[in-house]
Amino acid sequence: QVIKKEGKHKDVINVLTWDKSSLKQTSPIVSYQIYEGLQNKTLVGTVPNTSPLRFVQNHRKKGKTYIYSVVSVDSTGRQSLPAYVFINPSKPCCDR
């Protein structure tokens, strides 16, 4: 979670980044779908495989825990199992 300042205004944003799948696929991955919530509840974004693998969601609540899942989609429309991302700003993950 990042706080972005623009003048007097602050925006809390969540930033997700990931690496391309290293698994062998019969069909190439064409995009990644990002869902908010467990069990692929709400689609919040799609990132093409040709773009930097990065998703930004603005207007989040400071200190709130967010759960995302990232699913790869191949050229036939098949989806992978989700990879879960938990953003919990009250529990730092590492030294900064």
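These are my notebook entries on a sheet, some aromatic rings and a few surface spots in this structure.

**Entry 1: the sheet**

I reminded myself before starting that this is a predicted model. I began with the strand order of the sheet. The sheet is open, has 4 strands in the order S4-S3-S6-S7, and its pairing is antiparallel. Which strands stand at the edges? I found S4 (42-48) and S7 (83-87) there, each with a single partner strand, so one side of each has no neighbour in the sheet. I also looked up the turn between neighbouring strands of this sheet, which is 25° on average with direction ignored.

**Entry 2: who pairs with whom**

Next I went across the sheet, pair by pair. S3 and S4 are antiparallel and share 6 bridges. I picked out one contact there: Ile34 sits opposite Gly45 in S4. S3 also pairs with S6, again in the antiparallel sense, and here I noted 7 bridges. In that pairing Tyr35 has Ser69 in S6 as its bridge partner. S6 covers residues 66-74 and is joined to S7 by 5 bridges, with the two strands running antiparallel. I came back to Ser69 at this point, as it stands opposite Tyr84 in S7. So I drew Ser69 in my sketch with Tyr35 as a bridge partner and with Tyr84 opposite.

I then checked how covered S3 is. Strand S3 (residues 29-36) is mostly covered, with 6 of its 8 residues buried.

**Entry 3: aromatic rings**

I turned to the rings. A pair of aromatic rings is described by how far apart the centres are and by the angle of the planes. How many aromatic pairs are there? The count comes to 3. I wrote down two of these in detail.

The rings of Phe55 and Tyr68 have centres 6.4 Å apart and planes at 65°; planes over 60 degrees apart count as edge-to-face, so that is what I called this pair. The pair links distant parts of the chain, with Phe55 in strand S5 (residues 54-57) and Tyr68 in strand S6, 13 residues apart. Buried or exposed, I asked of Phe55? Phe55 has 9% relative accessibility, and the cut-off for buried is under 20%, so I put Phe55 down as buried. Tyr68 comes out at 0% relative accessibility, so Tyr68 is buried by that rule.

Tyr66 and Tyr68 make an aromatic pair too, and this one is stacked, at 6.5 Å centre to centre with 25° between the planes. I noted Tyr66 as buried along with Tyr68. Taken together, ring pairs link Phe55, Tyr66 and Tyr68 into a cluster.

**Entry 4: a patch on the surface**

Then I looked at the outside. Which residues form a nonpolar patch on the surface? I found Val2, Val15 and Val56, with about 180 Å² of accessible area together. Val56 lies in strand S5, the strand that also holds Phe55. The relative accessible area of Val56 is 34%, and partly exposed runs from 20% to 50%, so Val56 goes down as partly exposed.

**Entry 5: a loop serine**

Last, I looked up Ser21. I located Ser21 in the loop between strand S2 (9-17) and S3. With 31% relative accessibility, Ser21 counts as partly exposed. I checked Ser21 against Ser72 as well: they are 51 residues apart along the chain, and their C-alpha atoms are separated by 8.1 Å.

Conventions:
Residues numbered from 1 in each chain as written. Predicted model: local features only at pLDDT ≥ 70, side-chain atom pairs only at ≥ 80, totals over all residues. Heavy atoms only, no water. Pairing = 2+ DSSP bridges. Axes fitted to C-alpha atoms, helices over the stretch in contact; angles between N-to-C directions. Phe/Tyr/Trp six-rings, centres within 6.5 Å; stacked < 30°, edge-to-face > 60°. Buried < 20%, exposed > 50% of the residue type's maximum accessible area, 1.4 Å probe, protein only. Patch = residues over 30% accessible without salt bridge, like charges linked within 9 Å, V, L, I, M, F, W, Y side chains within 5 Å. Areas by Shrake-Rupley, 256 points an atom, 1.4 Å probe, with all protein chains shown as cover. Salt bridge = Lys/Arg side-chain N within 4 Å of Asp/Glu carboxyl O.
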